[in-house]
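Reader: Please take a close look at one part of this model, the strand pairing at one sheet edge. Then carry on to the turns and loops.

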Amino acid sequence: MFYRAPGKAVCADVIPFFEDGEFKLFYLRDYRDIEAHGEGCPWCLLTTKDLVHYEDKGPVLLRGKEDEQDLYVFTGCCIKAGEEYVIYYTGHNPHLRAKGFPEQKILRATSRDLIHWEKDKSFVFAAPDWLEMHDFRDPFVFFDEEKKKYCMLIAGRLKNEDPVFSKGVTLIAYSDDLLHWEVDKEPFFAPHAYFTHECPDLFKMGDWWYLVFSEFTDKIVTTYRMSRSPYGPWISPKVNNFDGHAFYAAKSVSDGRRRILFGWNCIKLGEKDGAPWQWGGTIIPHEIVQEKDGTLNVKCPDEIAAQYDTELPIEEGRRLGNVQREEGAKYSLGGEGKSLIHLGNLPENGKIEMTFTASDDRGDFGVYMRADEELDSFYAVKFEPRFNRLALDIQPREDNTRHTQIDVERYCPIRAGEKNKLLIIFEGSVLEVYVNDKVAMSARMFDRKEGKFGVFAHNTNVRFENIKLYR
């Protein structure tokens, strides 16, 4: 269901393009195997018409040699200009820094079919001398109808007195011919908050413009700002991210009726629960939903949820604490202490659907997954209403002395007495959680491959209804 590159490789930043009823998803392929594949990464092309079935056409924008600028073909954009397709991309080579040359420059390639690309060796766009030379990347090009100019958003860093981790800016450059570009000395967006603004994306929905970028300084998330104008001033909504830190470097594209945000659910070192997060992973699409006030949320695309259509029986098992069952798979759990009930074994891939109503904002509750019979080991999709938090907890914990005991988390307000919808999709190690078609949380489950699922409540009362399990 969710795509990952073959072999040891992972998918990193997605550059989405839509044409002729098909999503054409360029992505950075990190082979994770220098001995077999050498250093560097190319752009590969992945196509899909339904976000479910994918065809990987392999590398199309090839990496350069060790002494060339684009040993690593990093993020950029794809546009169509007349009958020709144009890619602007980041040429990255860490070996050049030691030689006194820029580690990153913006490069260009053209094609007639999106498969065969010719690099424009005469085109080199480097950071001007008033910017830091090694961080000049991730071009995003659009045409401004009012200015009658092509515009390029760029992730860069200023040479100024800001702290090291606050010099990041989104720059803008202008061109009349897609060949000659000049960077405006006035930054497009400069919040004095991040090391850099990776993978910028700009689009309009209704009366609002949205600037999307990813930051690894504060929350390590894909975030957005909104404005009535494509040039700001940009404002940050209360909840300004689409997912947690296990979903990164996301960019969007419209298919004419909706806008899909493509990011990657990152893996961990050695694919172990307690290990550090790594760059790249599995491609995850979220559908962007615009609220009445202009703020953005995301939901699971309908065609993905619909793929899990074989309903499995709910099989009650072990109980603990206060559990009251009613007809129609309705359960009321709670009181002081912990209450829970096993509801069956999970398939390897599948989805869980249910609604729930919390009676107050005390305690925590949720769904446990891949649990052993004794409940000594499991994953828990956990709601903590008093903190407005949704989180993934893992037991046993790698280190019980840690002050932070959760793996990932999301802001998720739950009001007492209101019914909420919960969708959980799991495939291999990938875990995607959606609440009320508004809140998404990506996570991973590496160590445990199978086990039971159930619902629990701790120091609170919760009613769970319409519980269904599918594969």
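Author: Start with strand 11 (residues 168-175) and strand 12: two bridges join them, and they run antiparallel. A strand here is a DSSP run of E, at least two residues long, numbered from the N terminus. Two strands pair if DSSP finds at least two bridges between them. One contact to look at is A173, which stands opposite V183 in strand 12.

This is a predicted model: local features need pLDDT of at least 70, side-chain atom pairs count only at pLDDT 80 or more, and totals for chains, interfaces and linings use all residues. Residues are numbered from 1 along each chain as its sequence is written, and side-chain values use heavy atoms, with hydrogens and water left out.

Now step back to the sheet. It is open, with four strands in the order 9-10-11-12 and antiparallel pairing. Strand 9 (131-144) and strand 12 (182-183) are its edge strands; each pairs on one side only. One general point helps when viewing such sheets. In a regular strand, side chains alternate between the two faces of the sheet.

Further along is another antiparallel pair. Strand 22 (residues 323-326) and strand 23 (residues 330-345) are joined by four bridges. V323 has L333 in strand 23 as its bridge partner. The two strands form a hairpin, with three residues between them. In that turn, G328 has a positive phi of about 80 degrees.

Positive phi also turns up in residues other than glycine. D20 has phi near 55 degrees. D20 sits in the loop between strand 1 (10-19) and strand 2 (22-30). Its relative accessible area is 71%, so D20 is exposed. L375 has a positive phi of about 60 degrees, and is not a glycine. L375 lies in the loop between strand 25 (364-371) and strand 26 (378-384). L375 counts as buried because its relative accessibility is 15%. The cut-offs: buried is under 20% relative accessible area, exposed is over 50%, partly exposed is in between (1.4 Å probe, protein chains only).

Last, the cis peptide bonds. The bond from G232 to P233 is cis, with omega near 5 degrees. P233 is placed in the loop between strand 15 (221-227) and strand 16 (247-254). The bond from Q395 to P396 is also cis, with omega near -5 degrees. P396 belongs to the loop between strand 27 (389-395) and strand 28 (406-411).
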